[in-house]
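Visitor: Please give me a close look at one helix of this model. Then tell me how the rest of the chain is put together.

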Amino acid sequence: NIPFNVEEIRKDFPILKREVNGYPLVYFDNAATSQTPQQVIDVIVDYYSSYNANIHRGVHTLSQEATDAYEQARIKIQKHFNAAKAHEMIFTSGTTHGINLVANGFGALLKEGDEIIVSALEHHSNIVPWQMMCERNGAVLRVIPMNEDGTLMMDVYDTLLSEKTKLVFCNHISNALGTINPIESIIQKAHQAGAAVLIDGAQACPHVKPDVQALDVDFYVASAHKMCGPTGVGVLYGKEKWLKKLPPYQGGGEMIAEVTFEKTTYADLPHKFEAGTPNICGGIAFGAAVDYLNAVGFKAIAAYEHELLAYATEKLLAIDGVKIYGTSSAKTSVISFNIEGVHPYDIGTIVDKLGIAVRTGHHCAQPIMDYYKIPGTVRASFAFYNTREEIDRLVDAVIRAKKMLL
Ligand code: PMP
């Protein structure tokens, strides 16, 4: 195991050298979007400089090179998630796209009275598509409630499952609180009841390496831009049997076998779900980002980020009036907090003036904010390229903001 050298790692990220408002940037908005290492930026530049072309259809050299690189990236991503087959990996524009694709498919498979279960900790992108689906087919949405510490009430989950349950969906890790959900048990129990499971891995994939076969999960979705890759690309893993069963999401070029005005037949997997020209460069760069993360090593990443989380938690809690939401021991490097009597937006604005990027608001998870009866939180989310010194700067900035605002 290569020892974790954060100073060496930071050299890979050119953006970390910049200043914001006259201060060296401290980037603590990693749960929204991670930063991009030079290794991935180089792959993007190389694509547009050397072999930019449309894929799958061309006989010319550039098209073949681009097709090879894109399909190689799919295989890298398949291996990363340990999927059995490369065609079980569908390139999407991101997690939201993947969820909508599956929700649209289940829209056709479910009927009135069927039930689907969602967790109280979901991002809006894992709530709204299912509500839209229920409006179309009359299926009923049930919710696993949450506890004060940001964990799910698993005993209530047991009572929600029945032979009516057709699908359960839950995030692997909550973006608003950082809670790591017990997805192994969620999947196993759903399967016992005969239901399929979709796991939203948007927040998990920067921190852990999911094994979709070991999990026996039916669908798993992620976004490249939270994994040191570019925006506008992601992946949907689906078990082959499900991807064969679901109808296509969008119609268009690339996804057909044969088209006449009387009838169209669809292409095989994965093309059935990849209508139109995809984000070719994005897919290739996603592969490079997965290589980069694996070279750093997920064990090293988790251990280091855990240290940062413990350090920041202790330092922030030492400030009078700070309350942290989501206190489960099973959590990743996300701290959602407020200072009594201060609006989170005001803290976010002041710390930005000091060069520190945090997120403020409801984090696309309004039901969680409603549970705590707050308008939102300040969320500092750490990545493996952050440091203790940066956390010290956040703590100083929060103390300063508090003095100014109270
Ligand atoms: N689910 C979770 C848990 C997320 O954190 C996010 C991004 N904040 C999404 C879904 C949506 O991802 P994207 O915007 O990349 O589609």
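Guide: Take helix 5, starting from its open side: there, opposite the buried residues, Gln-131 and Glu-135 are exposed. Bear in mind that this is a predicted model. Helix 5 spans residues 128-137, and its buried members are Pro-129, Trp-130 and Met-133. Viewed down the helix axis, these buried residues sit within an arc of 95°, so they line one face of helix 5. The general rule is that an α-helix has 3.6 residues a turn, so residues three or four places apart point the same way. What lies over the buried face? The cover includes helix 4 (95-109) and three strands: strand 5 (115-119), strand 6 (140-144) and strand 7 (165-171). Just past the end of helix 5 comes Gly-138, with a positive phi of about 75°.

Helix 7 makes a good companion. It runs over residues 183-192, and Ile-183, Ile-186, Ile-187 and Ala-190 are buried in it. Down the axis of helix 7, the buried residues again fall within an arc of 95°, so they line one face. Turned away from that face are the exposed residues Glu-184 and Gln-192. Strand 7 is part of the packing here too: the buried residues of helix 7 pack against strand 7, strand 8 (196-200) and helix 8. After helix 7 comes Gly-194, with a positive phi near 85°.

Now step back to the whole chain. It is divided into domain 1 (6-30 + 297-401) and domain 2 (42-294). Their C-alpha centres lie 28 Å apart. At the contact between them, 22 residues of domain 1 meet 23 residues of domain 2. On the domain 1 side, helix 11 (298-317), strand 14 (334-339) and helix 13 (366-372) each supply at least two residues. Helix 11 gives the most, with 4 residues. By class, this side of domain 1 has 12 nonpolar, 8 polar and 2 charged residues.

The largest nonpolar core has 113 residues. Val-168, Val-197, Tyr-237, Ile-284, Ala-289 and Leu-394 have the most contacts inside it. Helix 10 (residues 280-296) is the top contributor, with 9 residues. Both domains give residues to this core, so it lies between them.

Two residues help to fill in the packing. Tyr-237 touches Phe-81, Ala-83, Glu-88, Met-89, Val-212, Phe-219 and Tyr-220, leaving out residues up to four places away in sequence. Gly-283 belongs to helix 10. Gly-283 counts as buried because it has 29 C-beta neighbours inside 10 Å, and the cut-off for buried is 20 or more. Apart from its neighbours within four places in sequence, Gly-283 is in contact with Tyr-70, Ala-73, Phe-91, Val-233 and Pro-278. For a sense of scale, the C-alpha atoms of Gly-283 and Leu-160 are separated by 38 Å, with their positions 123 residues apart along the chain.

The ligand has its own shell. Of the 14 residues around it, Gly-94, Thr-96, His-123, Asn-175 and Ser-223 come nearest. The shell has 3 nonpolar, 10 polar and 1 charged residues.

Last, check the backbone. As a general rule, most residues other than glycine have a negative phi, and most peptide bonds are trans. Three places here depart from that pattern. First on the list is a cis peptide bond between Leu-269 and Pro-270, with omega about 0°. Pro-270 is in the loop between strand 12 (264-266) and helix 10.

Next is Asp-216. Its phi is positive, near 60°, and it is not a glycine. Asp-216 sits in the loop between helix 8 (212-215) and strand 9 (219-223). With 13 other C-beta atoms within 10 Å, Asp-216 is partly exposed.

Then comes His-363, also not a glycine, with a positive phi of about 55°. His-363 is in the loop between strand 16 (359-361) and helix 13. It has 23 C-beta neighbours inside 10 Å, so His-363 counts as buried.

Definitions and conventions. Residues numbered from 1 in each chain as written. Predicted model: local features only at pLDDT ≥ 70, side-chain atom pairs only at ≥ 80, totals over all residues. Buried ≥ 20, exposed ≤ 12 C-beta atoms within 10 Å, placed from the backbone. Arc of directions from axis to C-beta. Contact = placed C-beta atoms within 7 Å. Near = placed C-beta within 6 Å. Nonpolar A, V, L, I, M, F, W, Y, C, P; charged D, E, K, R; others polar. Core = buried A, V, L, I, M, F, W, Y, C linked by C-beta atoms within 7 Å. Domains from an automatic or database assignment.
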